[in-house]
Amino acid sequence: MNNVNAALLAIGGLVVLVLGQVMISMASKEIEGRVDRIGYLVLRGARRRLPTELRKDLHDHEWLPEMDSIMARHKDQPITRLWWSLRFSFALLLFGAPRTARVVKPRARFTWVRAFFRVLLARSPEEHQEARPQLDKESQVVRAHYARFATGKGGKVKVAAHVRIKSRA
Amino acid sequence: MPEKLRMTTTVANVLREFLEDPAEHRYGFDLMQRCGISSGSLYPILARLEKAGWIAGHFEDIDPVKEGRRPRKYYTLTAEGSVAATRELAALSARLQPPAWGFGPKPATGGAW
């Protein structure tokens, strides 16, 4: 009887051991899969730092395939994969995305001042007429910003959405 | 005619890698590893070089379903870029030469006559 009990105990122990190994293996794969997502999440953050019109070209067509390639290249080395994916994505999030965007699409600066001088220095009535609407739109934006600043709550000057969008573009 | 480009040592490093074999396809991650610079520095440089016409970007011709990944963008040096890069690297190298003293290297006197 004692021998039977010992044999049952041994079989039970073996089953528990095998089940434990399987559980650990599943858990490690689960964790590995989730850790792999971190690089993609950080890269998604870099995408948000890009102007909308550049997100497809820079993130979707260039950085994302590179990230796929990093993941595929270090398929069997999870720690190396994590290191390179984080290094690649964090550098883009912190300074790569805004710097690249500035190169690809330099932001227009001092648009209101330039519009003002175009009106001021117009040499003909036609040039004046051409420059005037731009100045009007820009001045609306400036007034709206000022009102928001002065009242501390959005201000009273209403600016059409298309004017705001155009001025930021 | 390619545009003029502000030459820094990092840009020179990337250009040198392109000049190693002008016909070879260069990918962002490979350039990162070979030049030893981060993606945050590399991609603005690639954008500047592409905008200036020194390099041209293309997409891999692969079947994403078959390969199981998206096509990567690769860069190659243009003919004009190759000429301009060689010229600029030579100029940078000349600028970085140590000063030539009249009678060999200047002796270290330690402040004494």
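I started with one pair across the two chains: A:Asp68 forms a salt bridge with B:Arg70, and their closest N and O atoms are 2.7 Å apart. I note at the outset that this is a predicted model.

**Entry: the polar side of the interface**

I then looked up how many salt bridges the rule finds across the interface of chain B and chain A, and the count is four. For polar contacts between chain B and chain A, I recorded ten residue pairs, with both residues at pLDDT 80 or more. Next I asked which elements of chain B give two or more residues to the side that touches chain A; they are helix 2 (28-35), helix 3 (39-52) and strand 3 (73-77). Helix 3 of chain B supplies the largest share of that side, eight residues.

**Entry: extent of the interface**

I counted residues in the contact on each side and found 23 from chain A and 22 from chain B. In chain B, the residues that lose the most area to chain A are B:Phe29, B:Tyr43 and B:Arg70, which together account for 32% of what that side buries. B:Arg70 is thus on record twice, here for its lost area and above as the salt-bridge partner of A:Asp68. The size of an interface is often given as the accessible area lost when the parts come together. For chain B and chain A I noted about 2,000 Å² of buried area, with 59% of it from carbon and sulfur atoms.

**Entry: chain B by itself**

I looked up the secondary structure of chain B and found five helices and three strands. Along the sequence, their order is α-β-α-α-β-α-β-α. Chain B has 113 residues, and 40% of them are buried. I also checked the sequence separation of its contacts: among those between residues at least 6 apart, 54% join residues at least 24 apart. For the accessible surface of chain B I wrote down about 6,800 Å², with carbon and sulfur atoms contributing 56%.

**Entry: a nonpolar patch on chain A**

Last, I turned to the surface of chain A. A:Leu14, A:Leu17, A:Val18, A:Val22, A:Met23 and A:Met26 make a nonpolar surface patch of about 620 Å². I picked A:Val18 from this patch and placed it in helix 1 (residues 2-48) of chain A. Is A:Val18 buried or exposed? I entered A:Val18 as partly exposed because its relative accessibility is 47%, and partly exposed lies between the cut-offs of under 20% for buried and over 50% for exposed.

Technical notes: Residues numbered from 1 in each chain as written. Chains lettered and ligands numbered in written order. Predicted model: local features only at pLDDT ≥ 70, side-chain atom pairs only at ≥ 80, totals over all residues. Heavy atoms only, no water. Patch = residues over 30% accessible without salt bridge, like charges linked within 9 Å, V, L, I, M, F, W, Y side chains within 5 Å. Areas by Shrake-Rupley, 256 points an atom, 1.4 Å probe, with all protein chains shown as cover. Salt bridge = Lys/Arg side-chain N within 4 Å of Asp/Glu carboxyl O. Helix = DSSP H or I, 4+ residues; strand = E, 2+ residues; numbered from the N terminus. Buried < 20%, exposed > 50% of the residue type's maximum accessible area, 1.4 Å probe, protein only. Contact = heavy atoms within 4.5 Å. Buried area = accessible area lost by both parts, 1.4 Å probe. Polar contact = N/O pair within 3.5 Å; in protein donor to acceptor, adjacent residues only side chain to side chain.
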